[in-house]
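Me: Please take a close look at one residue and then follow the structure outwards from there, explaining each term as it comes up. I would like one connected account.

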Amino acid sequence: IEKEDAPLVLKNFYNLLKDQGVLMLALHSPKDSAYEQRNITGLQTDTGEQLGTYLQEWDKDEIVELVSEAGYEIEYVRSFTRDGGWYPLLSILARKK
């Protein structure tokens with residue numbers, strides 16, 4: 001989901017959740033927000049061509065602000081790096097007010 005689409009997507013999730021429903025996000029969180037193309041390690045075509053995907057990376061403060069602006073109450077935010085992982089990750093747990 002690209003950055004400019006995120007506010008509407010978050011609001012639509014909010015509208016779908018039951019009262020006190022929980023939203024859990026798991027995101028890439030490098031230094032700056034950016035829409036990037038990344039290869040997926042080990043994923044190749046039958047001819048050996050490397051496959052990838054597009055992903056939105058998020059600055060922690062920016063995505064937390066967007067989630068809050070969509071009406072959620074932030075319950076938990078955790079930045080971490082997986083052992084052997086290349087990218088910093090971010091988990092957000094938020095509840096519908």
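Reply: A residue counts as buried when its relative accessible area is under 20%, as exposed when over 50%, and as partly exposed in between, with a 1.4 Å probe and protein chains only. E57 is buried because its relative accessible area is 3%. The model is predicted, with local features needing pLDDT of at least 70 and side-chain atom pairs 80 or more, while totals for chains, interfaces and linings use all residues. Residues are numbered from 1 along each chain as its sequence is written, and side-chain values use heavy atoms, without hydrogens or water.

E57 belongs to strand 3, residues 50-57, where strands (E, at least two residues) and helices (H or I, at least four) are DSSP runs numbered from the N terminus. Leaving aside residues up to four places away in sequence, E57 touches H28, P30, D32, S33, A34, E36, R38 and Y87, a contact being heavy atoms within 4.5 Å.

Strand 3 also takes part in the largest pocket, since it supplies at least two lining residues, as do helix 1 (6-16) and strand 1 (22-28). A pocket is an open set of points on a 1 Å grid where a 1.4 Å probe fits, with protein on both sides within 12 Å along at least five of seven lines, and lining residues have an atom within 4 Å of a point. The largest pocket holds about 250 Å³, the space filled by probe spheres set on its points. Its lining has 13 residues, of which I1, L25, L27, Q56 and W58 are closest to the centre; by class, 11 are nonpolar, 2 are polar and none is charged.

Strand 1 leads on to an open sheet of 3 strands, ordered 1-5-4 with antiparallel pairing; two strands pair if DSSP finds at least two bridges between them. Strand 1 and strand 4 (72-81) are the edge strands, each pairing on one side only, and the twist from one strand to the next averages 15 degrees, angles running from 0 to 180 degrees between N-to-C directions. Strand 1 is joined to strand 5 by 7 bridges, and L27 has L90 of strand 5 as its bridge partner. Between strand 4 and strand 5 (residues 88-96) there are 9 bridges: E73 is partnered with R95, and T81 with P88. Helix 2 (residues 60-69) packs on this sheet, touching strand 1, strand 4 and strand 5, and its direction makes about 160 degrees with that of strand 4.

How values were computed
Ala, Val, Leu, Ile, Met, Phe, Trp, Tyr, Cys and Pro count as nonpolar, Asp, Glu, Lys and Arg as charged, and the others, Gly among them, as polar.
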